[in-house]
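Reader: Please take a close look at the packing of helices in this model. I want angles, distances and contact residues, with the cut-offs behind each term.

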Amino acid sequence: MAAANHSPSSPYSCVKAFDEISKTENGSVSTKDFEEFIGKWFKSAGEDLVYVEPMDFETEPHGFLPKVENPEVRAWALEVHGLWKKLSRAVSSSVHDHPELHTLLPLPVPGMIPGSRFREVYYWDSYWVIRGLLASKMHETAKAIVTNLISLLDTYGYVLNGARAYYTNRSQPPLLSAMVYEIYNRTGDVDLVKKALPALLKEYQFWNSEIHTMIIHDAENCNHSLNRYYAMWNKPRPEASAIDKRFASKFLNVNEKQKFYRELASTAESGWDFSTRWMRNPSEFTSLSTTTILPVDLNAFILRMELDIAFFAKIVGEDAIAEDFLTASHTRKKAFNSVFWNENMGQWVDYWLNYGAEPKEPQTWEAQNQNQNVFASNFVPLWIDLFNSDTPLVEKVTRSLQSSGLLCAAGIATSLTNSGHQWDFPNGWAPIQHMIVEGLWRSASTEARKVARDIAERWIRANYVAYKKTGTMHEKYNVEKCGEYGAGGIYRPQTGFGWSNGVVLTFLEEFGWPKDQNIDCN
């Protein structure tokens with residue numbers, strides 16, 4: 001919501017007006033008085049954004065999804081492509097004129113929102129939105145998203161979780177370099193690379209600041225600097241204040257409450273909010289301990305960032321930077337082998353830190369600190385070329401994935417634990433399917449590529465059938481049942497939906513759909 005613009009001092013006038021409402025002995029306000037106050041002082045949700053036609057949208061772009069031969073699937077793909085028009089937004093002039101009256105942050109150019117309750121730009125969602133836009137030949141809109149994220153980075157020193165004032169306490173999985181890489185790969189836009197490189201160096205610095213890094217001393221006497229999520233916040237999240245306070249009421253000690261609030265915000269920074277992956281006790285939500293985990297996927301994203309920065313630096317003639325980041329990437333690859341890799345499982349797994357760990361003090365690696373529970377994140381390193389180019393490794397990890405229990409009728413489950421949290425079983429999420437499928441597909445292994453195609457086809461079917469039943473794309477899907485959307489979590493399932501649209505279009509672009517192949521659930 002945005003405060004209605006009564007005067008330049010509106011935020012203060014608003015608080016004063018609320019203080020003047022008559023209240024009961026316990027401080028309550030009557031429903032009637034409260035509704036009148038909201039009506040007078042606040043605009044409706046979403047009024048801080050305006051619809052804008054994407055500059056490069058065409059109803060059927062030239063060369064759109066040439067491998068999709070089935071007319072039924074092609075018609076659906078064009079409907080999904082058409083959703084970009086519905087998700088395109090610009091920040092309203094009122095936000096630019098009076099930013100102090102809004103939680104929405106003023107972004108320089110129009111962009112894409114995920115959909116439904118998510119009315120602002122989100123960081124990691126944007127990568128898969130961009131992949132879909134590239135499949136839709138909307139290169140300028142894709143570049144505009146990067147422009148907005150760079151503006152956040154320039155203003156705050158990191159890309160925010162989302163474009164709201166209450167998200168300034170944290171980031172999200174760092175995929176900006178991957179976005180720039182994909183756009184450059186399609187367009188050859190060197191100017192974009194020149195503009196992005198200084199911002200990416202700044203982002204790399206943020207993720208390698210003291211609060212985000214921990215040192216692990218391995219069995220071979222080597223120290224490895226690895227990264228964690230750590231929100232700069234120890235209060236209830238403003239966007240979920242009532243829920244956070246309710247969970248924190250279990251703690252009587254102020255320090256314990258503050259620690260829990262930090263864990264909540266840090267879990268939101270991970271993008272996996274919420275999952276048993278982050279809990280010391282999977283049956284107890286208040287045991288969230290995200291800041292004491294070195295997540296395998298976060299470190300894979302930072303490895304990708306190192307490789308991307310080296311690539312960009314080479315393009316613009318910054319050879320010393322390129323060399324430094326190539327060295328950093330090989331150093332991190334060694335850390336993956338020493339800290340995250342579990343030979344018996346054939347997976348990379350999260351590493352739990354000991355309680356009370358300090359960033360500057362090396363911790364000795366212990367096998368028991370590897371989280372040996374199976375999560376889809378254990379397979380995300382396959383997305384990185386340093387790993388998917390190693391065929392024997394890919395084949396071992398592929399066999400592990402096939403026997404993991406995560407592969408279901410409609411895609412890859414997020415975990416094996418049906419906890420009721422949305423980043424757990426039986427939910428499957430578009431980003432997870434895409435990273436694992438793309439990693440397998442990029443390898444030279446015939447078996448891995450076969451598995452990649454099979455997962456992609458299952459996911460496409462699930463999205464298609466759900467769309468035909470409900471008329472919309474969904475945020476997440478139930479991978480146990482083809483054509484059922486996902487559930488669980490602390491908010492109702494959302495539709496729209498940016499990253500789901502992007503992954504379906506990306507899969508259809510890569511794998512196509514033969515003319516005579518059935519699209520319904522088998």
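Author: What follows treats the packing of helices, with the whole chain before it and a few backbone details after it.

The model is predicted, so local features need pLDDT of at least 70 and side-chain atom pairs count only at pLDDT 80 or more, while totals for chains, interfaces and linings use all residues. Residues are numbered from 1 along each chain as its sequence is written, and side-chain values use heavy atoms, with hydrogens and water left out.

The chain has 17 helices and 14 strands (DSSP runs numbered from the N terminus: H or I of at least four residues for helices, E of at least two for strands). Its radius of gyration is 23 Å, close to the 24 Å that the globule rule gives for 522 residues, so the chain is as compact as a globular protein of that length. That radius is taken over C-alpha atoms, and the rule is 2.2 Å times the number of residues to the power 0.38. The C-alpha trace spans about 70 × 60 × 50 Å along its principal axes.

Two packed helices are described by the angle between their axes and the distance between the axes. Here axes are lines fitted to C-alpha atoms, for helices over the stretch in contact, and angles run from 0 to 180 degrees between N-to-C directions.

Helix α6 (residues 139–156) takes part in two of the contacts described here. Its axis comes within 10 Å of that of α7 (residues 176–187), and the two cross at roughly 150°. The pair is therefore roughly antiparallel (over 145 degrees; under 35 is roughly parallel, 65 to 115 roughly perpendicular and the rest oblique). The crossing is left-handed, which means that the near helix is turned anticlockwise from the far one by less than a right angle; clockwise would be right-handed. On the α6 side, H139, A142, K143, V146, L149, I150 and L153 are in contact (heavy atoms within 4.5 Å) with L176, M179, V180, I183, R186 and T187 of α7. These residues divide into 9 nonpolar, 2 polar and 2 charged. Nonpolar means Ala, Val, Leu, Ile, Met, Phe, Trp, Tyr, Cys and Pro, charged means Asp, Glu, Lys and Arg, and the others, Gly among them, are polar.

With α8 (residues 190–207), α6 packs at an angle of about 40°, the axes being 10 Å apart, and this crossing is left-handed. K143, V146, T147, I150, L153 and D154 of α6 meet L192, K195, A196, A199, K202 and E203 of α8. The division is 6 nonpolar, 1 polar and 5 charged.

Further along, the axes of α11 (residues 296–315) and α12 (residues 319–340) come within 7 Å and cross at roughly 160°. That makes the two helices roughly antiparallel. Their crossing is left-handed. From α11, the contact includes V296, L303, L307 and K314, and from α12 it includes D319, F325, R332 and F340. By class, the contact residues come to 15 nonpolar, 2 polar and 4 charged.

One helix can be checked for length. α16 (residues 446–470) has 25 residues and reaches 36 Å from its first C-alpha to its last, close to the 36 Å expected at 1.5 Å a residue; the expected span is 1.5 Å times one less than the number of residues. G471 follows α16 and has a positive phi, near 80°.

Some loop details remain. L65 is not a glycine, yet has a positive phi of about 45°; L65 sits in the loop between β1 (49–51) and α3 (71–87). The peptide bond from D273 to F274 is cis, with omega near 10°, and F274 lies in the loop between α10 (254–270) and β6 (293–294). Another cis bond joins F425 and P426, with omega about 0°.
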